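Work through the exercises below with the model open beside you. Try each task before reading its solution.

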Amino acid sequence: MQLLEITSQTWITVGIVAGIFAGSALIIGALILLVGKVFKVNVDEKITKILDNLAGANCGGCGCSGCSGFAAKLANGGAELSACHVTSPEKKAEIAKLLGIELTDEERTVAVVHCLGGIENCADKFEYKGNPTCAANANLLGGNKACSYACLGCGDCKAVCPENAISVEGRLSKVDPDRCISCGACITACPKDIIDRIPATAPVYVACSSKCRGKDVMNACKVGCIACGICAKSCPHGAITMQDNLPVIDYTKCTGCLTCVEKCPRHIIISRKVIAEETPEKTA
């Protein structure tokens, strides 16, 4: 008899506990539904469709933290579609339809490092032993290189490249044009602002960024541009002008005659034909 009473009381206790749990679950579920309804975020269908057509690289080359942020800016008119260099022309055409804009033809570009300094050519002001990043190096008196425009060679650009298109040799970054998708991540990461895009078909490019006078350049670097202007004077097509002590190439006029390459006494105008021949084929 006593055993039956204990068993009965036990089941009653179990029932009460189960009821409490069930009631709590119902209350919590109701609260979740209520909170979800109150704080519901309405996702713009246009943003979703734009995001579906973007490459999804999340490289940051457009200036946004990822493709979702870029999609939101596109939908709100806060960004230009041309800022993305990764999405295919076909997908860009779809996005242009969604935005109701006309898609302009875009020439394929690749990134290049406008410097030939490195260990061999550019002297050091001091020995840097801090955080092994270009950003940290640049924060210390502008970096350890004698030329204030020189590549610091710590590989910040290489670290952010989604295609493994950048190598660092002799503390100098180099871009493999066959791998480069022109996303712009390296451009954003470089604290010296010496990485830029040029047309993929460009025959030559200037491998120097120094805006200093010739004498100052010669004291810091063995190969830096001394602003002699011979390239501009020698170009038979008027494709080169001197700006801020540096040659600037107008690729709409450049025919690839390579006269500038032959005439440059510092050999800082580089033939990309030679680079293409030396670059190994892209591997999967």
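**Exercise 1: A loop residue**

Asparagine 245 sits in the loop between strand 6 (240-243) and strand 7 (246-249). Strands are DSSP runs of E with at least two residues, helices are runs of H or I with at least four, and both are numbered from the N terminus. This is a predicted model: local features need pLDDT of at least 70, side-chain atom pairs count only at pLDDT 80 or more, and totals for chains, interfaces and linings use all residues. Residues are numbered from 1 along each chain as its sequence is written, and side-chain values use heavy atoms, with hydrogens and water left out.

Task: find the sign of phi at asparagine 245, then decide whether asparagine 245 is buried, partly exposed or exposed.

Solution. Step one: phi is positive, about 65°, although asparagine 245 is not a glycine. Step two: take its relative accessibility, 30%. Step three: apply the cut-offs. Buried means under 20% relative accessible area, exposed over 50%, and partly exposed in between (1.4 Å probe, protein chains only). Asparagine 245 therefore counts as partly exposed.

**Exercise 2: A second positive phi**

Task: locate serine 182 and classify its accessibility.

Solution. Serine 182 is in the loop between strand 3 and helix 8 (185-189). Its phi is positive too, about 60°, and serine 182 is not a glycine. Its relative accessibility is 4%, so serine 182 counts as buried.

**Exercise 3: Two residues in contact**

Task: place serine 173 and cysteine 157, then list what each touches.

Solution. Serine 173 belongs to strand 3 (residues 173-175). Cysteine 157 belongs to helix 7 (residues 156-160). Serine 173 is buried because its relative accessible area is 4%. Cysteine 157 is buried because its value is 6%.

Now the contacts (heavy atoms within 4.5 Å). Leave out residues up to four places away in sequence. Serine 173 touches Val113, Cys151, Cys157, Ile166, Ser167 and Val168. Cysteine 157 touches Ile166, Ser173, Cys186, Ala189 and Ile195.

Last step: compare sequence and space. Cysteine 157 and cysteine 134 are 23 residues apart in sequence, and 8.7 Å apart from C-alpha to C-alpha.

**Exercise 4: Charge in a lining**

Task: how many charged residues line the largest cavity?

Solution. Sort the lining by class. Ala, Val, Leu, Ile, Met, Phe, Trp, Tyr, Cys and Pro count as nonpolar; Asp, Glu, Lys and Arg as charged; the others, Gly among them, as polar. The lining of the largest cavity has 10 nonpolar, 5 polar and no charged residues.
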